[in-house]
Amino acid sequence: MTKQVALWVNGESIELDYFVLGFIDHTLDGILAALEGTGAIKTLDLSIGEDEQVTINLNNAPVSLKLFASKIIRNTVKGMVSSLKRVNEINKLEIHLRR
């Protein structure tokens with residue numbers, strides 16, 4: 001199980017309960033497992049900038065994304081996070097996961 005998940009939306013920390021923490025963890029694990037050349041998550045830093053660009057750093061190495069994969073990841077993560085309390089508009093998003 002994940003030891004730590006931190007979520008930031010528009011520079012504000014979003015508190016996560018046990019269910020949401022596990023849901024984010026498992027969703028990101030599935031997304032990364034579907035990408036070619038990735039391994040098990042030890043550390044993951046995912047960000048979506050104001051320019052809508054998705055950046056993933058997995059186990060201290062950048063993950064290269066094609067446009068199609070980037071769009072799916074962006075839309076999935078933003079859709080998941082937009083359902084949370086205290087989240088209205090998402091301009092910038094960061095997720096930091098440590099196992």
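**Strand 6**

I began with strand 6, where I found a covered face made of Leu93, Ile95 and Leu97, and an uncovered face made of Glu94, His96 and Arg98. I kept in mind from the start that this is a predicted model. The pattern of the two faces fits a general rule, because in a regular strand the side chains alternate between the two faces of the sheet.

Next I looked up the partners of this strand. Strand 1 and strand 6 pair in the antiparallel sense, and six bridges join them; within strand 6, leucine 97 is the residue that stands opposite valine 5. Strand 3 is also joined to strand 6 by six bridges, and these two strands run antiparallel. I noted serine 47 here, whose bridge partner in strand 6 is glutamate 94, a residue that I had already listed on the uncovered face.

**Strand 1 and its hairpin**

Which strand, besides strand 6, pairs with strand 1 over three bridges? I found that it is strand 2, residues 12-14, and that the pairing is antiparallel. In this pair, valine 9 stands opposite glutamate 12 of strand 2. The hairpin that strand 1 and strand 2 form has two residues between the strands, and in it asparagine 10 takes a positive phi near 55 degrees.

**The nonpolar core**

I then turned to the largest nonpolar core and found that it has 31 residues, with Leu7, Leu28, Val77, Val81 and Leu93 having the most contacts inside it. Several elements each supply at least two residues of this core, namely strand 1 (4-9), helix 1 (18-34), strand 3 (43-48), strand 4 (54-58), helix 2 (67-82) and strand 6 (93-98). Helix 1 gives the largest share, which is six residues. I wrote the general rule beside this entry: in soluble globular proteins, nonpolar side chains tend to be buried together.

To see one of these core residues in its surroundings, I looked up valine 81. Leaving aside residues up to four places away in sequence, valine 81 touches Leu7, Val9, Val87, Ile90 and Leu93. Two of the names in that list, Leu7 and Leu93, are also among the residues with the most contacts inside the core.

**Helix 2 and serine 70**

Is serine 70, which is found in helix 2, buried or exposed? I entered serine 70 as buried, because its relative accessibility is 11% and the cut-off for buried is under 20%. When residues up to four places away in sequence are not counted, serine 70 touches Val54 and Leu65.

**The loops**

In the loop between strand 3 and strand 4 I looked up two residues, aspartate 51 and glutamate 52. Aspartate 51 is exposed, with a relative accessible area of 57%, whereas glutamate 52 counts as partly exposed at 29% relative accessibility. I also noted that phi of glutamate 52 is positive, near 75 degrees, although the residue is not a glycine. I looked up one distance here as well: the C-alpha atoms of aspartate 51 and glycine 22 are separated by 28 Å, and these residues are 29 residues apart along the chain.

Asparagine 60 is found in the loop between strand 4 and strand 5 (61-63). I entered asparagine 60 as exposed, because its relative accessible area is 69% and exposed means over 50%. Its phi is near 70 degrees, which is again a positive value in a residue other than glycine.

How far apart are the C-alpha atoms of asparagine 88 and valine 9? Asparagine 88 lies in the loop between helix 2 and strand 6, and it is exposed, with a relative accessible area of 76%. I found a separation of 9.4 Å between the two C-alpha atoms, although asparagine 88 and valine 9 are 79 residues apart along the chain.

**The largest pocket**

My last entry concerns the largest pocket, in which about 170 Å³ of space lies. Its lining consists of Leu35, Glu36, Thr38, Val63, Ser64, Leu65, Lys66 and Ala69. By class, I entered four nonpolar, two polar and two charged residues in this lining. I had met one of these lining residues, Leu65, earlier in the notebook, as a contact of serine 70.

Technical notes. Residues are numbered from 1 along each chain as its sequence is written. This is a predicted model: local features need pLDDT of at least 70, side-chain atom pairs count only at pLDDT 80 or more; totals for chains, interfaces and linings use all residues. Side-chain values use heavy atoms; hydrogens and water are left out. On a 1 Å grid over the protein atoms alone, a cavity is a set of points where a 1.4 Å probe fits but cannot get out, and a pocket is an open set with protein on both sides within 12 Å along at least five of seven lines; lining residues have an atom within 4 Å of a point. Grid points are joined across faces, edges and corners, and a volume is the space filled by probe spheres set on the points. Ala, Val, Leu, Ile, Met, Phe, Trp, Tyr, Cys and Pro count as nonpolar, Asp, Glu, Lys and Arg as charged, and the others, Gly among them, as polar. A nonpolar core is a set of buried Ala, Val, Leu, Ile, Met, Phe, Trp, Tyr and Cys residues joined through side-chain atoms within 4.5 Å. Buried means under 20% relative accessible area, exposed over 50%, partly exposed in between (1.4 Å probe, protein chains only). Helices (H or I, at least four residues) and strands (E, at least two) are DSSP runs, numbered from the N terminus. Contact means heavy atoms within 4.5 Å. Two strands pair if DSSP finds at least two bridges between them.
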